Amino acid sequence: MPVEITWWGHATCAVRDSGVRVLTDPLFARRLAHLRRRRGAVPPPEAAEADVVLVSHLHADHLHLPSLALLAPGTRLVVPRGAPRAVPGLARLAGVRGLVVTEVVPGEEVGVRGGVRVRAVSARHDGRRLPFGPQRAPALGYVVQGSARTYFAGDTGLFDSMAEEVGPVDVALLPVGGWGPYLGPGHLDAERAARALAELAPAAAVPVHYGTYWPIGMDAVRPHEFHAPGGEFARRAGQLAPEVAVRVPGHGERVLLP
């Protein structure tokens, strides 16, 4: 059975596998601090429908409390271990909304239903709750294991043991950009994401984490970093991993993989 991927923008993806709905890093805001949504409509209410929600790290564009508040009561929320302590608002929200919070570290698995499981894997990223706060929770990626194995990398840099830790996968959802004109350490750009793809060797891949949010007043500053990463990733992947089928969906578009 193929896996269905809907890209809602930034790092927010809906993964449907074996009838189970998995939502990654939900961000349903028109504006977040100094960032505004420049492309793609704000996702509709049904985008928040999920059996399990995966949060990769504590940055506000990945752990966004107003977006998590849209989840139905009883939704399972998988977060890095230490997240509720580092972000007290998360614990309060979970209590008010009746969310079931499960804290994990790399290597741990969570059962969802119908045989679908989620395994946490390492990421190389500063996952603190910014602009302040100690490192209290690791940044994570996740592998959704159902009829297919889908790797959601979260936000990460390329690291030597990535393919070994992630293991064999069928689909890779890889970040290829960011929300500003310059990427700091702990990120993948299009070229590094293509190198990661060559090492992971899935059957199919989708670029994410680009082309959605941008700082207010900076539309003319390095605009190619907003518009180009998805297409550039597909081009680089064709050179470095030609056997991988790369799909570059638009905002809100569904694709069936592999």
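This passage describes a helix pair and a pocket in a predicted model.

Helix 5 spans residues 190-200. Helix 7 spans residues 229-240. The two helices pack with their axes 8 Å apart. The angle between them is about 40°. Helix 5 is therefore oblique to helix 7. The crossing of helix 5 over helix 7 is right-handed.

Residues from both helices form the contact. Helix 5 contributes A190, E191, A193, A194, R195, L197 and A198. Helix 7 contributes P229, E232, F233, R236, A237 and L240. By class, 9 of the contact residues are nonpolar and 4 are charged. No polar residue takes part in this contact.

The second feature is a pocket. Empty space of this kind is revealed by rolling a probe the size of a water molecule over the atoms. The second largest pocket holds about 230 Å³ of space. Its lining is made up of 13 residues. Nearest the centre of the pocket lie A14, R16, E46, E49 and R254.

Three strands contribute to this lining. They are strand 1 (3-9), strand 2 (12-17) and strand 3 (20-24). Each of these strands supplies at least two lining residues. The lining of the second largest pocket has 6 nonpolar residues, 6 charged residues and 1 polar residue.

Technical notes: Residues are numbered from 1 along each chain as its sequence is written. This is a predicted model: local features need pLDDT of at least 70, side-chain atom pairs count only at pLDDT 80 or more; totals for chains, interfaces and linings use all residues. Side-chain values use heavy atoms; hydrogens and water are left out. Axes are lines fitted to C-alpha atoms, for helices over the stretch in contact, and angles run from 0 to 180 degrees between N-to-C directions. Helices (H or I, at least four residues) and strands (E, at least two) are DSSP runs, numbered from the N terminus. Angles under 35 degrees count as roughly parallel, over 145 as roughly antiparallel, 65 to 115 as roughly perpendicular and the rest as oblique. A crossing is left-handed if the near helix is turned anticlockwise from the far one by less than a right angle, and right-handed if clockwise. Contact means heavy atoms within 4.5 Å. Ala, Val, Leu, Ile, Met, Phe, Trp, Tyr, Cys and Pro count as nonpolar, Asp, Glu, Lys and Arg as charged, and the others, Gly among them, as polar. On a 1 Å grid over the protein atoms alone, a cavity is a set of points where a 1.4 Å probe fits but cannot get out, and a pocket is an open set with protein on both sides within 12 Å along at least five of seven lines; lining residues have an atom within 4 Å of a point. Grid points are joined across faces, edges and corners, and a volume is the space filled by probe spheres set on the points.
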